Amino acid sequence: MQKRPVEVDAGEMAEILDRYLDADGQVNYAVKIVGHPGIGKSSIVKQAAERKNRYFIDTRLAFKENIDLGGYPVPDHENRRMVYYRPRFIPPEEVPEGFDGIVWFLDEANRAHPTVIQTLFQVITEGRCGEHLLPEKTVIVIAGNLGEEDHTHITDFDDSALDGRLGIFHLKPAAEHWLDWARKSGIHPTVVRYISGFPERLWDAAAIHPNPRGWHQASQALRLSYGLGDEATLYTALSGHRRGSVEKVLASLVGELAASDFVTQILTPRQLTTHEILSGDEGAFARFRAGEVPVEDLLWAVSGAVTRIREKKMAGDEGLLVPLGFLLKYVAASRSDARVSFFLMLLRECGVFSQIPDAVRSVCEGGEREEVLSLLTDVVFDGEKIPA
C-alpha cells in the first residue's frame, strides 16, 4: 500500500523545504512532491535552494536509464577492471565554491523506469549514486505528477519500502501565494488583476487547465510575443482586429474557457468579483443590493466564492468563517429562488452547515445577524430556525 501524500499549499511547502534544507542532508528521508502539471513544483524547490544558497541541480528522471545514473563504463586496462565515469548531471564530488550545499531535484519520477527508481534507494539511504559518493550537505527532492488523476503517464511501480524513505506531499496551489510571487516576478498586470478578482480561475484540478504555469506563459506571450506590456495596450489590441490571434494564443495556454473569460473581463468587466464577495467589499455589496449587478455576474462570482470556500474547508483554513460569512450575506440577500440554489450549492459543495451561525456572527451584528439567518432558514428549512 502506498503512503498517502499530505496536502500542502505553496506557503507550507516552502516552509517544509526550508527546514528540510537546514538539516543539510542529515535526516534519513527525502522529500517527494506530487501534484498536477503546471502548479509550480520545480519553481518552489528552486526558490528554496536560492533562499538557502544551495547549488541547484535539476534532473528529469523520465529521460534517464539506470546506466545513466551509475556512469558510463570504460575499461581500466592497467588494473584489468571496469570503471565508471561520473555523469555530469549528478552532484559533483564537492560542493561548488560559494554555495552552502546542494539540492538535487529529481523531477518526473512518475515517468521514470522502475530500474531508475530502484537506484533512488541507494541515493537516499547511502548518499551514493552507483560508485559515486555524493558530497556532504546534499539533499534530495523528488517530484512527479499524479498519473491517471491528472492525465499523465505514470510508471507501474508501487514500493512501500521506497515510500517509507520519503516524506510525501501533495502540493495544491493557493491564489494568495501565487499572486504574491506574480507581483514580484513581473507577471502581466492584467493577469494579476484577473486572478486577484477571480482566484478560483488560477487552476482547475479537474480539467488541468488553466494552471499557474499556463498563466505565466500567457503573461510572457502578451509581453514578449505581442508587445502588450500594460493594460491599456492590451485593451486596444483586444478591441481591434488582433483579438482573434491573441485570444487563440491565450486559449492554447490556459484553455478556451479561461481565455474567453479573461478577454471578456477586460472588454466588459463584470460588476461583481469573487474577491469582492469574500473580502466583504462594502461598495460591491451596496451595488448588489441596489440591483446594479446582472444575474449572470452574481452567479459567476458566487460560484467562484463557493469554490474558494471549498478549498479553504478542505485545507483546514482557520480563516474560513469570515469569508463564509460574507458569502452568506450575498446568499441571504439574493431573490428567493437564487437563495435556495446558492445555499444548497454551498452546503453540497462545502459541507459547512454547522459553521453557518459562527460565520454569520463573525460579520454581522444584532438585527442584521438575525435577518441573515432568518432569510436562509425560512426558505430552505421551512422556518426551522438555526440558533443565532
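This is a short dialogue on reading side-chain packing and helices in a predicted model.

Biologist: Let's start with the aromatic residues. How many aromatic pairs does the count come to?

Modeller: This is a predicted model, and the count comes to 11 aromatic pairs. Take Trp 178 and Trp 181 as a case: their ring centres are 5.9 Å apart and the planes meet at 50°, so this pair is tilted.

Biologist: Where do Trp 178 and Trp 181 lie along their helix?

Modeller: Both belong to helix H6 (residues 175–184), three residues apart, and that separates them by about one helical turn.

Biologist: Which label does each one get, buried or partly exposed?

Modeller: Buried means under 20% relative accessible area. Trp 178 has 9% relative accessibility, so Trp 178 counts as buried. Trp 181 has 25%, so Trp 181 counts as partly exposed.

Biologist: And what kind of aromatic pair do Phe 285 and Tyr 330 form?

Modeller: That one is edge-to-face, with 5.0 Å from centre to centre and 80° between the planes. Phe 285 comes from helix H13 (residues 282–289) and Tyr 330 from helix H15 (residues 321–333), so the pair ties together parts that are 45 residues apart in sequence. Phe 285 is buried at 15% relative accessibility, and Tyr 330 is buried at 2%.

Biologist: Which residue lies over the face of Phe 285?

Modeller: Lys 329 does, at 4.7 Å from the ring centre. A similar reading applies to Phe 198: the charged end of Arg 270 sits over the Phe 198 ring, 5.5 Å from its centre. Phe 198 also belongs to a cluster linked by ring pairs, together with Tyr 194, Trp 215 and Phe 262.

Biologist: Now a polar residue. Is Glu 276 buried or exposed?

Modeller: Glu 276 is buried, with a relative accessible area of 17%; its place is in helix H12 (residues 274–279). To read such a residue, look for its partners. The Glu 276 side chain reaches the backbone nitrogen of Thr 273 at 3.0 Å, and a polar contact of 3.5 Å joins it to the side chain of Arg 287. Leaving out residues up to four places away in sequence, Glu 276 touches Gln 271, Asp 281, Ala 284, Arg 287 and Tyr 330. Tyr 330 is the partner of Phe 285 in the edge-to-face pair.

Biologist: How do I read a helix as a whole? What does H4 reach from its first C-alpha to its last?

Modeller: Compare the span with the expected one. Helix H4 (residues 114–126) has 13 residues and reaches 19 Å, close to the 18 Å expected at 1.5 Å a residue. Then list its buried residues: Val 116, Ile 117, Thr 119, Leu 120, Phe 121, Val 123 and Ile 124. Finally, check what comes next: Gly 127 follows H4, with a positive phi near 65°.

Biologist: Last topic, small residues. What does Ala 175 touch?

Modeller: Ala 175 is in helix H6 and is buried at 3% relative accessibility. Beyond residues up to four places away in sequence, Ala 175 touches Pro 199, Leu 202 and Arg 308. Its C-alpha is also separated by 9.7 Å from that of Asp 9, which is 166 residues apart from Ala 175 along the chain.

Biologist: And Ser 219: which residues is it in contact with?

Modeller: Ser 219 has its place in helix H8 (residues 212–225) and is buried, with a relative accessible area of 2%. Neighbours within four places in sequence aside, Ser 219 is in contact with Gly 186, Ile 187 and His 188.

Terms used:
Residues numbered from 1 in each chain as written. Predicted model: local features only at pLDDT ≥ 70, side-chain atom pairs only at ≥ 80, totals over all residues. Heavy atoms only, no water. Phe/Tyr/Trp six-rings, centres within 6.5 Å; stacked < 30°, edge-to-face > 60°. Helix = DSSP H or I, 4+ residues; strand = E, 2+ residues; numbered from the N terminus. Buried < 20%, exposed > 50% of the residue type's maximum accessible area, 1.4 Å probe, protein only. Lys NZ or Arg CZ within 6 Å of the ring centre and 35° of its normal. Contact = heavy atoms within 4.5 Å. Expected span 1.5 Å × (residues − 1). Polar contact = N/O pair within 3.5 Å; in protein donor to acceptor, adjacent residues only side chain to side chain.
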